[in-house]
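Reader: I am new to this structure and would like to go through it slowly. Could you take my questions one at a time?

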Amino acid sequence: AEEGLFVEREQASTVVRQKRAAGQLSLVQLESLREVCEANVACEHMMDINGIIAAYTAYYGPIPY
């Protein structure tokens, strides 16, 4: 159950930066990312656990806005 609990410092920094960036996106932009992510079951699952920014970035790369 604790597998994957710890992450490398660089990866953790990336997630923190992504979460901070989420406050800069509009609700329309976030909904657009959510719609893209929902088309991929694995991305949708990650979105439910880690948030839309982390999931979108993991599966599709940098946020386009």
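Author: One term is needed before we begin: nonpolar patches are made of residues with over 30% relative accessible area and no salt bridge, whose nonpolar side chains are joined within 5 Å. Please also keep in mind that this is a predicted model.

Reader: Which residues make the nonpolar surface patch of about 250 Å²?

Author: A residue must have over 30% relative accessible area to be part of a patch, and Tyr-59, in helix H4, has 37%, which makes this residue partly exposed. Tyr-60 is also partly exposed, with a relative accessible area of 36%. The patch of about 250 Å² is made by these two tyrosines together with one further residue, and its full membership is Val-36, Tyr-59 and Tyr-60.

Reader: Which elements does the protein chain run through from the N terminus on?

Author: The secondary structure of the protein chain comes to 4 helices and 0 strands, so every element in the order has to be a helix as DSSP runs define it. Read from the N terminus on, the order is α-α-α-α.

Reader: What share of the 65 residues of the protein chain counts as buried?

Author: Buried here means under 20% relative accessible area. As for the surface of the protein chain, about 5,000 Å² is exposed, and carbon and sulfur atoms supply 54% of that area. Of the 65 residues, the share that counts as buried is 20%.

Reader: Which residues of H4 are buried?

Author: Helix H4 covers residues 52–60, and a buried residue in it must have a relative accessible area under 20%. Ile-53, whose place is in helix H4, meets this with 8%, and Tyr-56 meets it with 10%. The buried residues of H4 are Ile-52, Ile-53, Ala-54, Ala-55 and Tyr-56.

Reader: A search of the whole structure finds 1 aromatic pair; is it stacked, edge-to-face or tilted?

Author: A pair of aromatic rings is described by the distance of the centres and the angle of the planes. The rings of Tyr-56 and Tyr-60 have their centres 5.3 Å apart and their planes at 40 degrees, and these two residues are separated by about one helical turn because they are 4 residues apart in helix H4. Planes under 30 degrees apart would count as stacked and over 60 as edge-to-face, so the pair of Tyr-56 and Tyr-60 is tilted.

Reader: Leaving aside its neighbours within four places in sequence, with which residues is Pro-64 in contact?

Author: Pro-64 is found in the segment after H4 and counts as exposed, at 56% relative accessibility. Pro-64 and Leu-33 are 31 residues apart in sequence, yet their C-alpha atoms are 9.4 Å apart in space. With neighbours within four places set aside, Pro-64 is in contact with Leu-33 and Tyr-56.

Reader: How far apart in space are Ile-53 and Arg-34, C-alpha to C-alpha?

Author: Ile-53 lies in helix H4 and is buried, with a relative accessible area of 8%. Along the sequence, Ile-53 and Arg-34 are 19 residues apart, while in space their C-alpha to C-alpha distance is 8.9 Å.

Reader: What feature does UniProt place at residues 28–61?

Author: The span of residues 28–61 is 88% helix and 0% strand, and its end C-alpha atoms lie 19 Å apart. Gly-61, just after H4, takes a positive phi of about 95 degrees. The UniProt record, an unreviewed entry, gives residues 28–61 the feature "domain: Gla".

Terms used. Residues are numbered from 1 along each chain as its sequence is written. This is a predicted model: local features need pLDDT of at least 70, side-chain atom pairs count only at pLDDT 80 or more; totals for chains, interfaces and linings use all residues. Side-chain values use heavy atoms; hydrogens and water are left out. Patches are made of residues with over 30% relative accessible area and no salt bridge: like charges are joined within 9 Å, nonpolar side chains (Val, Leu, Ile, Met, Phe, Trp, Tyr) within 5 Å. Accessible areas come from the Shrake-Rupley method with a 1.4 Å probe; for residues, only the protein chains shown count as cover. A salt bridge is a side-chain nitrogen of Lys or Arg within 4 Å of a carboxyl oxygen of Asp or Glu. Buried means under 20% relative accessible area, exposed over 50%, partly exposed in between (1.4 Å probe, protein chains only). Rings of Phe, Tyr and Trp (its six-membered ring) pair if their centres lie within 6.5 Å; planes under 30 degrees apart count as stacked, over 60 as edge-to-face and the rest as tilted. UniProt positions are given in the numbering used here, feature names are shortened, and annotations may be inferred rather than shown by experiment. Contact means heavy atoms within 4.5 Å.
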